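Colleague: Thanks for making time for this. Could you walk me through the charged side chains and a few other spots?

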Amino acid sequence: MSDIKYSFGLWTTGWQGVDPFGDATRPHLDPAENIRKLAELGAHAFTFHDNDVWPIDATDAEKHAAIDSVKAAAAETGMVCEMVTTNTFSHPVFKAGAFTSNSRDVRRYGLRKVLKQVDLGAELGATTFVMWGGREGVEYANAKDLGTAHARYAEGIDTVAAYIKSKGYDMRVALEPKPNEPRGHIFLPTIGHAIALIDSLDNGDIVGLNPEVGHEEMAGLDYTHGIALALYLGKLFHIDLNGQNGPRYDQDFVFGHGNLLSSFFTVDLLENGSPNGTIAPYVGYRHFDYKPSRTEYTDGIWESAAANIESYERLAAASKSYRADAEVQAAFEKAGILDTSKTLAEGESFESFMAEADPDITELGKRHEGVIRLHQLAINHILGNK
């Protein structure tokens, strides 16, 4: 399915397998070599945090050399940088947040760090700037004034959006919700929380969402439903695809290696839109934000990267056959899924609506939706049995 464009974060394949209980299980991977290997696998684009490419304490000369190396690899392979983001979570300076820190000095430093990466992203042609507030939150409920913290968060996001507009960059901001980890309670934990804050911004027209599979599912939420809402509102600016097995720590499995059924319905929505056309297919890179297991050495990095693409390709093919299946279309019709009628007729008055006689609810209660058969048809296509 050559029309689909895939993108990887350099922090994904570049992850060395470090976790809170164990040291690195793989050597450091040079960012330029990372880009070259991803291109060989069929990726079209890469993304990165600033400190994926240079350390936070790098000199200007070291930083420029690192950027030049990435630019050279991109030019050599034809890979493009489609999104950038900023690391405001690793260094101890951000231990209590960046935009929501109680320290004004930390907030101002964090904002400058973000805006510098916005400038670099624009220089590299990135059209999306993702903001994940992994340290924006608390472990202890009284650690911050919650009204002030949310006001500062809104100020920071709005400032980034205003800066992008002031520079005339072709770039939008995408917020990445997450409920917990590394903070015990992260601000803007879900898609709904983020949308609510976006609505309060002066520059919210260029602020949207970058939802991640694992971040939604670790809270017991349905990822496909979340991105459907974002698509419906015109706010799905970017996506992070990976695998997750329900409410636990952020697992960052290969896409499809967690909840396979949910992955199928996500791909089905992204590739085909909603069955009755109220949501159009997603236009944008299929971006993978996963981590190769600590059990894998260097060959396993590229096997896992390729597995993301293979999973997506197979699920996309299954979704196309699913939608083309006459029995599936008949099941959609039976369940009423293809009906786009509004509940109230055009121009219908409250008076005429309220005067209408109620239907026979006993007969309506006998309606057979047929959704079990419809679901089984989806499974059959996933398993290749159709």
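Modeller: Happy to start with Arg 36, whose relative accessible area is 24%, which makes Arg 36 partly exposed. Please keep in mind that this is a predicted model.

Colleague: Which residue meets the side chain of Arg 36 in a salt bridge at 3.9 Å, N to O?

Modeller: Look within helix 2, residues 31-41, where the two partners are 3 residues apart and so separated by about one helical turn. The partner is partly exposed, because its relative accessibility is 33%. The residue that pairs with Arg 36 is Glu 33.

Colleague: Which residue is linked with Glu 33 and Arg 36 in a network of salt bridges?

Modeller: The Arg 36 and Glu 33 side chains already meet in a salt bridge. The network that holds Glu 33 and Arg 36 also includes Glu 76.

Colleague: Is Lys 178 buried or exposed, and what is the N to O distance in its salt bridge with Asp 250?

Modeller: Buried means under 20% relative accessible area, so Lys 178 at 4% is buried. Asp 250 also counts as buried, with 15% relative accessibility. The N to O distance between their side chains is 3.0 Å.

Colleague: How many residues apart in sequence are the parts that Lys 178 and Asp 250 tie together?

Modeller: Their side chains meet in a salt bridge. Lys 178 lies in the loop between strand 6 (172-175) and strand 7 (185-186), while Asp 250 is in the loop between helix 9 and helix 10 (260-272), so the pair ties together parts whose separation in sequence is 72 residues.

Colleague: What is the N to O distance in the salt bridge of Glu 369 and Arg 367?

Modeller: Both partners are partly exposed, Glu 369 with a relative accessible area of 34% and Arg 367 with 43% relative accessibility. Their side chains meet at an N to O distance of 2.9 Å.

Colleague: Which residues form a positive surface patch with Arg 108?

Modeller: Arg 108 sits in helix 5, residues 104-124. Patch members need over 30% relative accessible area, and Arg 108 is partly exposed at 44%. The patch joins Arg 108 with Arg 104, Arg 112 and Lys 116.

Colleague: And which residues does Leu 221 touch, leaving out those up to four places away in sequence?

Modeller: Leu 221 is in the loop between helix 8 (213-217) and helix 9 (223-232), and is partly exposed, with 36% relative accessible area. Leu 221 and Ile 239 are 16 Å apart, C-alpha to C-alpha. The residues that Leu 221 touches are Thr 190 and Glu 216.

Key: Residues are numbered from 1 along each chain as its sequence is written. This is a predicted model: local features need pLDDT of at least 70, side-chain atom pairs count only at pLDDT 80 or more; totals for chains, interfaces and linings use all residues. Side-chain values use heavy atoms; hydrogens and water are left out. Patches are made of residues with over 30% relative accessible area and no salt bridge: like charges are joined within 9 Å, nonpolar side chains (Val, Leu, Ile, Met, Phe, Trp, Tyr) within 5 Å. Accessible areas come from the Shrake-Rupley method with a 1.4 Å probe; for residues, only the protein chains shown count as cover. A salt bridge is a side-chain nitrogen of Lys or Arg within 4 Å of a carboxyl oxygen of Asp or Glu. Lys and Arg count as positive and Asp and Glu as negative; His and the chain ends are not counted. The place of a charge is taken as NZ of Lys, CZ of Arg, CG of Asp or CD of Glu. Helices (H or I, at least four residues) and strands (E, at least two) are DSSP runs, numbered from the N terminus. Buried means under 20% relative accessible area, exposed over 50%, partly exposed in between (1.4 Å probe, protein chains only). Contact means heavy atoms within 4.5 Å.
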